Amino acid sequence: MEAINWFWFISYVLVLVGLSAYSLHRLGIIVLYLKHSRKKPIAKSTFEELPVVTVQLPVFNERHVVKRLLKAVSEMDYPVEKLQVQFLDDSTDDTTEIAREECERLSAQGFDVDFIHRTDRSGFKAGALENGMKRAKGEFIFILDADFVPKKEVLMEMIHHFTDERVGLIQTRWGHLNRTFNLLTRVQAMFLDGHLELEQTARNRSGRFFTFNGTAGIWRKSCIEDAGGWEHDTLTEDMDLSYRAQLKGWKFIFLNEVETPAELPVDMNGFKNQQHRWTKGSIQVCKKVLPAIWKSKFPLYVKMEATAHLTANFAYLLLFLLLFLIFPNQKFQPDMPGWAQQLIYLPIMFFGMSSILFFYVTSQKALRPDSWLGELKYLPLLIALGIGMSVNNAKAVIEAIFNRESGFVRTPKYGDSAQTGGTVQKRTGSYKAHKSITPLVEFLFGCFFLFVVADALATGNLVSFIFLLPFPIGFLYTSLASLAGILLESGVGRKKSPLSASSSK
C-alpha cells in the first residue's frame, strides 16, 4: 500500500514540476519585457514616394461585420491610388452579396477593389491568402480579419519601417472593441493583453523568434515568397510562416504602441472553437519547424525560448493529467513528515501562482495605468477559466500529436451587437459554433471537483479547499455556458431563414 501512495505522490509532484517549468518561462518573459519594452522601434527613414499596399480581407460567412470592415478600410489615411483592396471571399451565405455591393460602392469612389470569390475553400484562410497573392499589386500586404476595425492612421504608422529592407513583417497590437461586454470578454481581453503586450513585446525586442498574429499586420510580399508562401498543413498558418521567414533571416517588428481594435467572441462555444484551433495549430507548427530551429545557427537562448513557446500548449496535457491525480494524492499520502511535504509543495505552488499573478498584473498596469487595479478582480475567474479550458485544449493537443485532421472552424462575430449587447441573441442562430461532447465531460469534472472541495472542507483541509476551488468553478462555468449556448442556438435556429449557414462547413 505504501508503494501505491508513493506512486500517486511522485506522479503528482512530477506533473507539478512540469507545469512549474512553464511558469518559470512566464516569469522569464516578464523579466525580458521589463528589460526591453522601452526599446521602441524607430523607422530607418521615410519613403519619398509611398509604395503600393494591397489590403487583403479574408472572409467566410461574416454578414454582420463586412460593411464595418470595408468602411474602416476605405477611411484609412493612405493615398487611394496607392491602395489595392482584395476581398477574399469564401462565403456560403449572403455575405457574398452584401460584400459585393459594398465593394462596388468603393470602386465607384475610386478604390482599386479586387473581389475574389472561391467555392472550394481549399486551404481555408491560408488558401484564400495564397490565391489572392497571385493578383496582389502591392509590394506590401496588409491583412485584416473580418472583425477588425483599423484606425485611420494605421498604415502611415507602419509603412516607413519597411525602409529597412531586412524588415519582412510589422505587427500591431490587438485592441478589444467589446472588452466590457460580459465576463467572458473581460477575461479574454486579459488573456490576450498578456500575450500581446508582454510575450510579443518581450520576444520581439529581445531578439527572440516572434510570430505574426494572423491579422492586423503588414508583410513584405517578397518575404512571404522567400519563406515559401502560405502553406495549408497547419491550422495556424500565421505562426508557421513567421518561423519559416525568420529562419530565412528576415527581421520582424512589433509595434505595441499601435493598436488595431477587434471583436472578442461573446459566447463560450465560439471562444472554445477559437482556442481549439489556436492550440492545435501551435502543436502542428511545433512538430513542423522545431527541428529546423535546432539545426539553425541561432544562439542557444533563442532556440530554448522558441522551444518553450512552441511547446507551451503541452501544459494543457499536464493540467489534464493533474485532474486525475489531485484526489488520489489527497487521500493516499506516503509516510513522510508534513514539513517535508510542504518543502516540496510550497516552491512549486509559489512559482505557479506568482507567475500568473505577476504576468497579468504587469500587462494590465502597462496598458491601463489609470485603471489596472480595477481589472484585478477578474484574476480569479481568469485562473478558473484557464482550468476549465483544459479539457478542450488538451483534446486539441492530442489531435495534433496523432495527426487528426480537422477543418478551419470560424469564430462567430456579431458586429455592433457584440459591443452594445442589443441583438446578439437574435444573431447567434445564423452562425453556430462547432459543437462537441466536451461540455458534458467538463460538467462531469465540475461535479467531481465539487465533491473534492467539499471533502477538503469537511476534513478541515482549508489550504486544499482554497487551492481547488477554481476547479469546479472553471469546469461548471465552461460547461454550463456551452450548454446554454447550444440550447439558445437550437431554439433560435428553428426560426431562421434558409440563408442561415453553419460555420463548420
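Begin by selecting Lys137, which is exposed, with a relative accessible area of 55%, and keep in mind throughout the tour that this is a predicted model.

From Lys137, look for its partner Asp112: the two residues form a salt bridge in which the closest N and O atoms are 2.8 Å apart. The pair links distant parts of the chain, since Asp112 sits in strand S3 (residues 112-117) while Lys137 belongs to the loop between helix H4 (124-133) and strand S4 (140-143), with their positions 25 residues apart. Asp112 has 27% relative accessibility and therefore counts as partly exposed. As general background to this stop and the following ones, side chains of opposite charge can pair when their charged atoms come close.

**Two further salt bridges**

Select Asp164 and Lys251 next, a salt bridge whose closest N and O atoms are 3.6 Å apart. Here too the pair links distant parts of the chain, with Asp164 in the loop between helix H5 (154-158) and strand S5 (167-176) and Lys251 in strand S7 (residues 251-262), 87 residues apart. When you display the surface, Asp164 is the buried partner, because its relative accessible area is 8%, whereas Lys251, at 35% relative accessibility, counts as partly exposed.

Move on to Glu305 and Arg203, which form a salt bridge with their closest N and O atoms 3.0 Å apart. Glu305 lies in helix H10 (residues 300-311) and Arg203 in helix H6 (residues 183-205), so this pair ties together parts of the chain that are 102 residues apart in sequence. Both Glu305 and Arg203 are buried. After this pair, select Glu231, Asp233, Asp240, Arg244 and Lys288 together, because salt bridges that share partners join these five residues into one network. The structure as a whole has a count of 34 salt bridges.

**A buried threonine**

Now select Thr279, which is placed in helix H9 (residues 268-295). Is this residue buried or exposed? Thr279 counts as buried, because its relative accessibility is 2%. Show the backbone of Gln275 as well, and you will find its oxygen 2.7 Å from a polar atom of the Thr279 side chain. If you then set aside the neighbours within four places in sequence, the residues in contact with Thr279 are Asn313, Asn393, Ala396 and Val397.

**A loop residue and a distant partner**

Glu75 is the next residue to select, and you will find it in the loop between helix H2 (66-74) and strand S2 (83-89). With a relative accessibility of 36%, Glu75 counts as partly exposed. Add Pro150 to the selection and draw a distance between the two C-alpha atoms: they are separated by 9.0 Å, although Glu75 and Pro150 are 75 residues apart along the chain.

**Two backbone angles**

For this stop it helps to know that most residues other than glycine have a negative phi. Select Asn61, a residue other than glycine whose phi is positive, near 50°. Asn61 lies in the loop between strand S1 (53-59) and H2, and this residue is buried, with a relative accessible area of 0%. Then select Phe124, which also is not a glycine and has a positive phi of about 50°. Phe124 is found in helix H4, and at 27% relative accessibility this residue counts as partly exposed.

**The nonpolar patch**

Turn to the surface and select Trp6, Ile10 and Leu14, which make a nonpolar patch of about 290 Å². Of these, Trp6 can be located in helix H1 (residues 2-36). Trp6 counts as partly exposed, because its relative accessibility is 32%.

**Cysteines to finish**

How many disulfides does the structure hold? The structure holds zero disulfides, and the tour can end with two cysteines picked out for their surroundings. Cys103 is buried, with a relative accessible area of 3%, whereas Cys447 is partly exposed, with a relative accessible area of 36%.

Terms used. Residues are numbered from 1 along each chain as its sequence is written. This is a predicted model: local features need pLDDT of at least 70, side-chain atom pairs count only at pLDDT 80 or more; totals for chains, interfaces and linings use all residues. Side-chain values use heavy atoms; hydrogens and water are left out. Patches are made of residues with over 30% relative accessible area and no salt bridge: like charges are joined within 9 Å, nonpolar side chains (Val, Leu, Ile, Met, Phe, Trp, Tyr) within 5 Å. Accessible areas come from the Shrake-Rupley method with a 1.4 Å probe; for residues, only the protein chains shown count as cover. A salt bridge is a side-chain nitrogen of Lys or Arg within 4 Å of a carboxyl oxygen of Asp or Glu. Helices (H or I, at least four residues) and strands (E, at least two) are DSSP runs, numbered from the N terminus. Buried means under 20% relative accessible area, exposed over 50%, partly exposed in between (1.4 Å probe, protein chains only). A disulfide is a pair of cysteine sulfur atoms within 2.5 Å. A polar contact is a pair of N or O atoms within 3.5 Å; within protein, one must be able to donate a hydrogen and the other to accept it, and residues adjacent in sequence count only if both atoms are side-chain atoms. Contact means heavy atoms within 4.5 Å.
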